[in-house]
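Work through the exercises below with the structure open beside you, and try each task before reading its solution.

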Amino acid sequence: MIRALLAVADGNEDIETVTLIDVLRRAGIEVLVTSIEARRQITLARGTRLMSDVTLLEVQAMSFDLIVLPGGMPGAQRLADCTALRHFMRRHVEQGRLYGAICAAPAVILEPWGLVEDKRITCYPSFIEQLEQGQYVNEPVVVDGRCVTSQGPGTAQLFALELVNQLVGKEQRDTVAEALLTPF
């Protein structure tokens, strides 16, 4: 079974978070929603309450095929400030595994953590100036090696579908996109 970890915090973007969970699960990918907070229930940026499956401490010994980070503020900053998540993510990337971030997360999290050096990436336009190591590309979704980034809430479904493509292939991506009535 292909397994993905979606790390979340209070203040992450609602659309991005829920879309990632939904689309990845529709593709048959096991998604563990993991709170970095001391509790499992989080409140997203627009007030949606979400119960995570586990806390970050509960998955420290596990490995995943994908770790993905939603944006939204202040959620992205809360994720960036989580030392345990940073160490977990660095180990994941060093093992050559797939990772992704959307909206503010590429600039607020991946950039300061040194995970986009010499990579083509995208992010929410108001965060472009924070990029020093990554090369900004003005596209909805950008893939560079094992790193997948996206611009924001309106690109969340395309981002999630690209993650499906990377994890289980184009055929499964197309099947999910067709069921969602998403033109490709």
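The model shown here is a predicted one.

**Exercise 1. The hairpin.** Find how many bridges join strand β10 to strand β11, and state whether these strands run parallel or antiparallel.

Solution. Begin with the two strands themselves: β10 covers residues 141–144 and β11 covers residues 147–150, and 4 bridges join them in an antiparallel arrangement. Next, follow one of the pairs across, where Val-141 has Ser-150 in β11 as its bridge partner. Finally, look at the turn, for β10 and β11 form a hairpin with 2 residues between them, and Gly-145 in that turn has a positive phi of about 65 degrees.

**Exercise 2. The sheet.** Work out in which order the 7 strands of the open sheet are arranged, and which strands stand at its edges.

Solution. Reading across the sheet, the order is β5-β2-β1-β6-β7-β11-β10, and the pairing is mixed. The edges are held by β5 (54–55) and β10, each of which has a single partner strand, so one side of each is left without a neighbour in the sheet. Moving inward, β11 is joined to β7 by 4 bridges, and these two strands run parallel; in this pairing, Gly-100 has Val-148 of β11 as its bridge partner. Helix α3 packs on the sheet, where α3 touches β1 (3–8), β6 (66–69) and β7, and the direction of α3 makes about 135 degrees with that of β6.

**Exercise 3. A glycine in a loop.** Decide whether Gly-96 is buried, partly exposed or exposed.

Solution. First locate Gly-96, which is found in the loop between α3 (83–94) and β7 (98–102). Its relative accessibility is 42%, and therefore Gly-96 counts as partly exposed, since that class lies between the cut-offs of 20% and 50%. As a last step, compare sequence with space: Gly-96 and Cys-147 are 51 residues apart in sequence, while their C-alpha atoms are 9.8 Å apart.

**Exercise 4. A helix and its ends.** Describe helix α1 (residues 14–26) from its length to its two ends.

Solution. The helix α1 has 13 residues and reaches 18 Å from its first C-alpha to its last, which is close to the 18 Å expected. Its buried residues include Leu-20, Ile-21, Val-23 and Leu-24, together with Asp-14 and Glu-16. At the N-terminal end of α1, Glu-13 acts as a cap, with a side-chain oxygen 3.2 Å from the backbone nitrogen of Ile-15. Just after α1, Gly-28 takes a positive phi of about 85 degrees.

Note on methods. Residues numbered from 1 in each chain as written. Predicted model: local features only at pLDDT ≥ 70, side-chain atom pairs only at ≥ 80, totals over all residues. Heavy atoms only, no water. Expected span 1.5 Å × (residues − 1). Buried < 20%, exposed > 50% of the residue type's maximum accessible area, 1.4 Å probe, protein only. Polar contact = N/O pair within 3.5 Å; in protein donor to acceptor, adjacent residues only side chain to side chain. Pairing = 2+ DSSP bridges. Contact = heavy atoms within 4.5 Å. Axes fitted to C-alpha atoms, helices over the stretch in contact; angles between N-to-C directions.
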